[in-house]
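Student: I am new to this structure and should be grateful for a close look at a single part of it, the open sheet and its surroundings.

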Amino acid sequence: MILKIELENQKFLDIDFDNIAYITGSNQKQLWKIFRSLYYYFNKNPKLTENIYGENKIELILDEQPLSEKNNDFYFINNRNSIYNQMIYKKDSLLFDLLNSLSGDLEIDRSIEKINDEHLQLEISVQKILDLHSNNLKVEFQDLNYLDFLKNNLLMCYESDHNSYPIEFMDTETLLDEYFNFLEFKLKDNGRPVWLVLYNLDSFISSEDKYTFLKKVKGLVDDYDLKVIYMGNSLRSVPIEINDLDKIVVSANNFHQLLPYTELLKSVRLHYPNQFDLVGSDFADAIKRIAPLVGSNQKAFISNKDLVLLKVVNDILDYETSFDLNSQLLSNAETEFLKD
């Protein structure tokens, strides 16, 4: 599939898209434009967008067809609040969809009937008291239904060490875990494709939690109609395997989608100054480390091996590589110190 994302008026990013894309690189302005386009496509605001995207507004096209807002569900994780907001009961949140889906459940319906029976008894008791003071007024309590009960009576909290706390106090790791559970329920219960847009996770999620979450999300991509767009200035703690290399899109002066594993490895070997021995997951890990630096005009302070690989990829894509070899060299004393 080809995914076309309008970055500004009639300027598009085209991605060969197979349910997941990892977009990274030194051109952070371009990454922001991608996120901006995706976010405002599904959160309409013509006053903000018309001057940037033109009269046609933002265009998001999948396989030559405009992506329907009505037939696709989009979720964005770009800060802690974007996770937390899915854990509160409000329209279009994951919690809202989960709890509302229970309407019509037989056990819940029986519980609501019991509550309404209690209301009837309360009505009788209140009426007896009112009759002592009034000759004409009658009390009537309206029957509740499940959705009314959620809207007017629901309070959410979480339990830790046998104490209850507001959800706002929940740590990000636990929030992410709950988010994943609700997302999985949404995918099981949903008839529409679900899109998950992830932006700059490193700024608010630990590396370990990020890896765990993305690993589980990849499992959902395999099992359900989930599509993921990851954007970040780093691919560390991203579970990218050899079959995922062609899902990496580098943002430099231009956008570059990497070749599949076999073709990319062959191209690197053709341009490498001597024999290149990295293969499999070792090669994929090296590409993960250097991909965010491709096309950067900032000096690269990375291992010598990675620096050579970066220069090879930069040469293939016609970029200069900025580095300082003196900073890569160790004195004899430093070398001996590392050996101890």
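Tutor: The following account concerns the sheet, the helix beside it and one loop residue.

This is a predicted model, in which local features need pLDDT of at least 70 and side-chain atom pairs count only at pLDDT 80 or more, while totals for chains, interfaces and linings use all residues. Residues are numbered from 1 along each chain as its sequence is written, and side-chain values use heavy atoms, with hydrogens and water left out.

Four strands make up an open sheet, ordered β2-β1-β4-β5, with antiparallel pairing. Strands (E, at least two residues) and helices (H or I, at least four) are DSSP runs numbered from the N terminus, and two strands pair if DSSP finds at least two bridges between them. At the edges are β2 (11-16) and β5 (65-66), each of which pairs on one side only. Strand β1 (residues 2-8) runs antiparallel to β2 and is joined to it by six bridges; Leu3 has Ile15 in β2 as its bridge partner.

Helix α1 (residues 28-42) packs on this sheet and touches β1, β2, β4 (60-62) and β5, contact being heavy atoms within 4.5 Å. The direction of α1 makes about 100° with that of β1, where axes are lines fitted to C-alpha atoms, for helices over the stretch in contact, and angles between N-to-C directions run from 0 to 180 degrees.

The loop between β4 and β5 contains Glu64. Most residues other than glycine have a negative phi. Glu64, although not a glycine, has a positive phi of about 70°. Glu64 counts as exposed because its relative accessibility is 74%; buried means under 20% relative accessible area, exposed over 50%, and partly exposed in between (1.4 Å probe, protein chains only).
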